[in-house]
Amino acid sequence: MDKTPQTEPRQSWTFSNSVNSEIRRAADTGIYDIRGGGAKRRVPHFDDLLFLGASMSRYPLEGYREKCDTSVLLGTRFAKKPIELKIPITIAGMSFGALSGHAKEALGRGATMAGTSTTTGDGGMTEEERGHSEKLVYQYLPSRYGMNPDDLRRADAIEIVVGQGAKPGGGGMLLGQKITERVAGMRNLPVGIDQRSACRHPDWTGPDDLEIKILEIREITNWEKPIYIKIGGARPYYDVALACKAGADVIVLDGMQGGTAATQDVFIEHVGQPTLACIRPAVQALQDLGLHREVQLVVSGGIRNGADVAKALALGADAVAIGTAALVALGDNDPKWEAEYNKLGTTAGAYDDWHEGRDPAGITTQDVELMKRLDPEVAGRKLRNYLNVMTLECQTLARACGHNHVHNLEPEDLCALTMEAAAMAQVPLAGTNWYPGKPGF
Amino acid sequence: MTTTLDKTVLDMTAMELREVNTTLQAAAKAQANAAFEIINPRGSHAMACGLDGPLDVTIKGSTGYYCAGMNKDATVTVEGSAGPGVAENMMSGVVTIEGDASQYAGATGHGGLLNIKGNASSRCGISMKGIDIVVHGNIGHMSAFMAQSGNLVVLGDAGDALGDSLYEARLFVRGNVKSLGADCIKKEMRPEHIEILKELLEKAGADAKPEEFTRYGSARKLYNFNIDHADEY
């Protein structure tokens with residue numbers, strides 16, 4: 001029998017299998033997808049930049065002999081007691097509630113061994129975290145869960161959270177599954193109910209009010225603590241300028257790859273700017289105000305290795321913060337739990353239903369049995385190792401560019417592989433002396 | 001600074017805010033039950049904030065933002081009106097406002113009594129977490145928004161959207177309520193509520209009977225997300 005030739009089955013790019021599966025999921029459940037983590041879409045990133053290295057016009061430093069300093073001082077503008085870090089990598093704010101007590105302890109242990117700070121999150125300060133963190137930044141969030149003057153005073157710095165990269169303009173929700181007696185007690189709410197974290201602060205609106213709020217916090221803490229303002233990557237030039245106006249000592253700028261414990265996927269993927277696009281406008285705002293290096297800039301959102309650190313510093317940041325990468329270092333999404341990820345309908349590397357509290361790695365959970373899987377001492381050492389490796393990598397690149405301090409890295413050390421990255425980072429496209437938007441072209 | 005037998009007078013035309021707060025904070029920490037009077041406050045912000053101990057402070061005039069913020073154990077009286085965020089995140093003690101209070105009065109407060117003799121503006125008791133607030137006059141819109149626990153007592157009227165997205169805080173209003181917010185409903189006044197109210201009215205020196213009030217609380221329908229309730233938001 002003759003066979004009529006047929007066109008090969010063709011999948012739609014617009015209606016891909018992934019898109020169709022989400023349509024079916026929405027039709028079945030009637031609710032949007034909620035997940036943890038940051039943007040998963042491909043966006044221009046630090047991988048799209050390269051260091052040029054030393055050559056005829058620059059002397060490199062000897063790799064295993066000549067010193068390349070990595071120390072950072074944060075909070076030099078107004079605070080009586082700035083924070084001194086050994087390395088330019090800090091641990092970003094993540095809440096107890098979203099994370100287990102063991103995970104918070106491990107973050108504190110690892111950060112302390114590496115000579116850096118860790119940060120509380122929504123839900124207040126735990127003893128595990130304070131006890132194991134030599135330098136602890138206390139977040140001041142719209143929900144004010146667990147907020148009290150004693151913890152403000154025993155913090156080493158205070159971070160006023162205006163927004164975060166995963167959801168600029170959004171609040172949060174810790175679902176009832178993770179609200180144990182301890183988590184509920186710290187938040188003054190009943191056990192088992194969803195806990196909404198507001199998107200706006202309850203007692204100030206706008207930078208003029210914020211300036212007074214900062215005055216109050218400084219008065220309560222004897223002007224000792226550096227005050228950070230954390231913003232999501234929305235309008236970095238103006239947001240940074242206004243944060244300076246409000247009196248920030250340090251600005252934490254979180255791009256859209258920055259993670260969250262839980263929010264709508266549509267929010268994570270469609271609101272905010274990539275980290276790479278945020279840095280130069282932020283630095284420009286600081287330079288225009290004459291405050292670059294006086295108000296320190298900490299960049300977060302998708303920092304994974306020493307190259308990312310070095311590139312962020314070269315673009316003008318003073319330090320970076322890591323969240324997702326720190327969790328991976330502790331053991332999040334480890335393939336050794338693959339069989340259990342499969343039972344949850346996912347696979348190692350893709351698991352992001354952190355809000356459900358069933359994390360096989362025992363990190364994003366309050367389940368007592370799952371929590372036991374994370375040994376805070378072992379996990380803390382892993383984080384220490386990872387932070388050390390990132391720092392060594394960053395130093396390697398800085399030395400190759402001829403710098404004896406990682407803060408001496410500069411945009412002139414970089415070129416871009418793509419037009420988009422060249423435009424965002426304002427460094428030349430490789431092989432040219434041009435980037436889109438460069439004056440004079 | 002002038003000291004008499006029973007109190008120390010701090011004049012804000014002669015002292016900076018930092019000096020005033022340092023003096024008060026040190027006296028509170030000393031646990032000596034000292035008394036202070038602040039004159040010429042001129043609407044200064046962040047006055048008498050962060051006090052941590054038994055101390056009696058009277059401010060002779062009106063204050064700016066965040067007066068008595070994060071108060072613990074101290075008694076602060078404002079003989080005038082208070083700007084936004086008075087007694088925000090208060091932990092314990094008593095803060096009394098003889099005049100009116102601006103928006104966010106008692107925001108996120110964890111404990112103690114905030115006693116407002118006049119009216120309170122919008123968002124009074126927003127996100128309150130255990131504080132008791134008594135307002136002798138009226139309160140503005142969106143009061144007790146996302147209020148978690150504690151008691152808000154209003155002798156006058158309440159504005160729009162009272163108790164929107166309320167958790168476990170108890171709201172008692174003697175006058176009219178312009179409208180209730182999402183998930184806030186009228187509730188039965190049981191004997192235990194009469195007792196709570198009676199005690200609070202006495203503490204606040206309020207001339208009212210518990211039986212004149214209506215209790216409002218959470219319907220608890222929005223406690224766990226349900227797509228069928230999406231229109232409520």
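Among contacts in chain B between residues at least 6 apart in sequence, just 24% link residues at least 24 apart, a contact being two residues whose C-beta atoms, placed from the backbone, lie within 7 Å. For chain A, 67% of the contacts with a separation of 6 or more are between residues 24 or more positions apart. These values come from a predicted model, in which local features need pLDDT of at least 70 and side-chain atom pairs count only at pLDDT 80 or more, while totals for chains, interfaces and linings use all residues. Residues are numbered from 1 along each chain as its sequence is written, with chains lettered from A and ligands numbered from 1 in the order in which they are written.

Chain B has two helices and 12 strands, and its sequence runs β-β-α-β-β-β-β-β-β-β-β-β-α-β. Helices (H or I, at least four residues) and strands (E, at least two) are DSSP runs numbered from the N terminus. The C-alpha trace of chain B spans about 60 × 35 × 25 Å along its principal axes. Its radius of gyration is 18 Å, which agrees with the value near 17 Å for a compact globule with 233 residues; the radius is taken over C-alpha atoms, and the globule rule is 2.2 Å times the number of residues to the power 0.38. Of those 233 residues, 56% are buried, meaning that 20 or more other C-beta atoms lie within 10 Å of the residue's own, again with C-beta atoms placed from the backbone.

Turning to chain A, there are 15 helices and 16 strands, and the C-alpha trace covers about 75 × 70 × 45 Å along its principal axes. The radius of gyration of chain A, 22 Å, agrees with the value near 22 Å for a compact globule with 441 residues. Buried residues account for 55% of the 441.

The largest nonpolar core holds 195 residues, and A:Ile251 and A:Val320 touch the most other members. Such a core is a set of buried Ala, Val, Leu, Ile, Met, Phe, Trp, Tyr and Cys residues joined through C-beta atoms within 7 Å. Beyond its neighbours within four places in sequence, A:Val320 contacts A:Pro88, A:Ile89, A:Val298, A:Val299, A:Ser300, A:Ile303, A:Val309 and A:Ala312. A second, separate core has five residues, among them A:Ala39, A:Val43, A:Ala166 and A:Met256.

As for the interface, 21 residues of chain A are in contact with 33 residues of chain B. Helix 6 (residues 206–220) of chain A supplies the largest share of chain A's side, five residues.

Key: Buried ≥ 20, exposed ≤ 12 C-beta atoms within 10 Å, placed from the backbone.
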